[in-house]
Amino acid sequence: MDDWRHGGFGVYVHWPFCAAKCPYCDFNSHVAATVDQDRWRRALLAEIDRLAAETPGRVVETVFFGGGTPSLMDPSVTAAVIARIGARWQMAPDVEITLEANPGSVEAGRFRDYIGAGVNRLSLGVQALDDADLKRLGRIHDVAEARRAIAIAQSVCDRVSLDLIYARQNQTPEAWAAELHAALRLSQGHLSLYQLTIEDGTTFAKRARAGQLPGLPDEDRGTDMYLITNEICDEAGLPAYEISNHAAPGQECRHNMIYWRYGDYAGIGPGAHGRMTLGGQRHATAGHRAPALWLQAVEEQGSGEVSRETLRRAEEAEEYLLMALRTREGVDADRYAALAGHPLPRARIDDLSEFGLLEMHDGRLRATRDGRLLLNRLIVELSETP
């Protein structure tokens, strides 16, 4: 069978607009005072039509609205997109449809409308439960708004995930532990917990170079917070099923699992990436990043796609390794060998296992908790041709 079937098929829809650009964010997001929602609806629907024509007979297992801030999308646009996906592809009976949302009062007021449009999972960008840190992170909501938004979301939706950032300025491991316990009390069973990283091209990167970000935890303190995160979540029954994602059994984000299991996904919207298996070959696709350019390309050329690269099997094997090793379920050794044309390097695995970084059981290779701290190095070691 085509390799993508091991992971499934999903649709990612990128809404690039935000009310404000957070200083740590390196996503393809843009501040816009006004957006022509009808024009964007037509373009998104046209891209669905184009990609569905290339992939007939697929069953859509998940849809994910990311951004940007998709909760600034008019609910009628969301409804139209979901309806068109269902019309052009077959929807799985238990399809998961996630929408990322900020916990501001404007967005929270729309939650019921998004559920009515077909969304059945909300992912709230809370980011911190401390007002001073929210300001430092450039967020435009406060803790009280976040708590109100969580309550509203949970009253209308059975699956609500919370995002938080740790290793913030002047944050101690003890303070993070207390905040995480508070988040767990608010949680419905899924938390995305990201260590703050300073990404090139962001406002935080410029401030860091200028010495204007004092109090950032050093590597050792960041590691301590990572270990604390895993210990507390394990005790609460939300183990890490991926490096930064913790869930009670059955509450995992199925869309993200398509990525990590290296399935196929159609990427729709400015800067959206996709992986599409066509005629037995997997292709990496990407859309124009600039919203205006993407919109113009869809309207005038019939496609917002800026690149489509056919991946070699060795590249597929490397991508699969990179994704699957992030997860608790790990890498299927037979599947890797089929993609790479050779098995995983057993001697290297044995060496790294002796250091407590890898483990191999029942044909699956997994990184240990210590190994996940060195994941990039492990991937380099395992990817080298034997």
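Here are some friendly notes on charged residues and unusual backbone spots in this predicted model.

1. **Opposite charges in pairs.** Let's begin with a general idea: side chains of opposite charge can pair when their charged atoms come close. In this structure there are 26 salt bridges. The next points look at some of them.

2. **R58 and D264.** These two residues form a salt bridge, and their closest N and O atoms are 3.2 Å apart. The pair links distant parts of the chain, since 206 residues separate the two partners. You will find R58 in the loop between α1 and β4 (59-67), while D264 sits in strand β11 (residues 264-268). Are R58 and D264 buried or exposed? Both of them are buried.

3. **A wider network.** R58 and D264 also belong to a network of salt bridges. The other members to look for are D3, R282, R313, E316 and R335. Try showing these side chains together in your viewer.

4. **R275 and E319.** Here is another salt bridge, with an N to O distance of 2.9 Å. R275 comes from strand β12 (residues 273-278) and E319 from helix α12 (residues 313-324), so the bridge ties together parts that are 44 residues apart in sequence. R275 has a relative accessible area of 13%, so this residue counts as buried.

5. **R346 and D350.** This salt bridge, at 3.2 Å from N to O, lies within one helix: both residues belong to α14 (residues 346-354). They are four residues apart, which is about one turn of the helix. R346 is partly exposed because its relative accessibility is 47%. D350 has a relative accessible area of 35%, so D350 is partly exposed too.

6. **E47, a buried glutamate.** Look next at helix α1 (residues 37-54), where E47 is located. Why does E47 count as buried? The reason is that its relative accessibility is 2%, and buried means under 20%. Apart from neighbours within four places in sequence, E47 is in contact with I268, W294, V298, G302, S303, G304 and E305.

7. **E300, an exposed glutamate.** E300 belongs to helix α11 (residues 291-301). With 59% relative accessibility, E300 counts as exposed, because the cut-off for exposed is over 50%. The C-alpha atoms of E300 and H6 are 36 Å apart, and these positions lie 294 residues apart along the chain.

8. **A negative patch.** Which residues form a negative surface patch? They are D218, E219, D220 and D224. One of them, E219, is part of helix α9 (residues 219-235). At 69% relative accessibility, E219 counts as exposed.

9. **A cis peptide bond.** Now for the backbone. Most residues other than glycine have a negative phi, and most peptide bonds are trans. G67 and G68, however, are joined by a cis peptide bond, with omega at about 20°. G68 is in the loop between β4 and α2 (75-88).

10. **Two positive phi values.** N170 is not a glycine, yet its phi is positive, near 60°. N170 is placed in the loop between β7 (160-166) and α7 (173-186), and its relative accessibility of 56% means that N170 counts as exposed. D362 also has a positive phi, near 50°, and is a residue other than glycine. D362 is in the loop between β16 (358-361) and β17 (364-367). Its relative accessible area is 82%, so D362 is exposed.

How values were computed. Residues numbered from 1 in each chain as written. Predicted model: local features only at pLDDT ≥ 70, side-chain atom pairs only at ≥ 80, totals over all residues. Heavy atoms only, no water. Patch = residues over 30% accessible without salt bridge, like charges linked within 9 Å, V, L, I, M, F, W, Y side chains within 5 Å. Areas by Shrake-Rupley, 256 points an atom, 1.4 Å probe, with all protein chains shown as cover. Salt bridge = Lys/Arg side-chain N within 4 Å of Asp/Glu carboxyl O. Lys, Arg positive; Asp, Glu negative; His and termini not counted. Charge placed at Lys NZ, Arg CZ, Asp CG, Glu CD. Buried < 20%, exposed > 50% of the residue type's maximum accessible area, 1.4 Å probe, protein only. Contact = heavy atoms within 4.5 Å.
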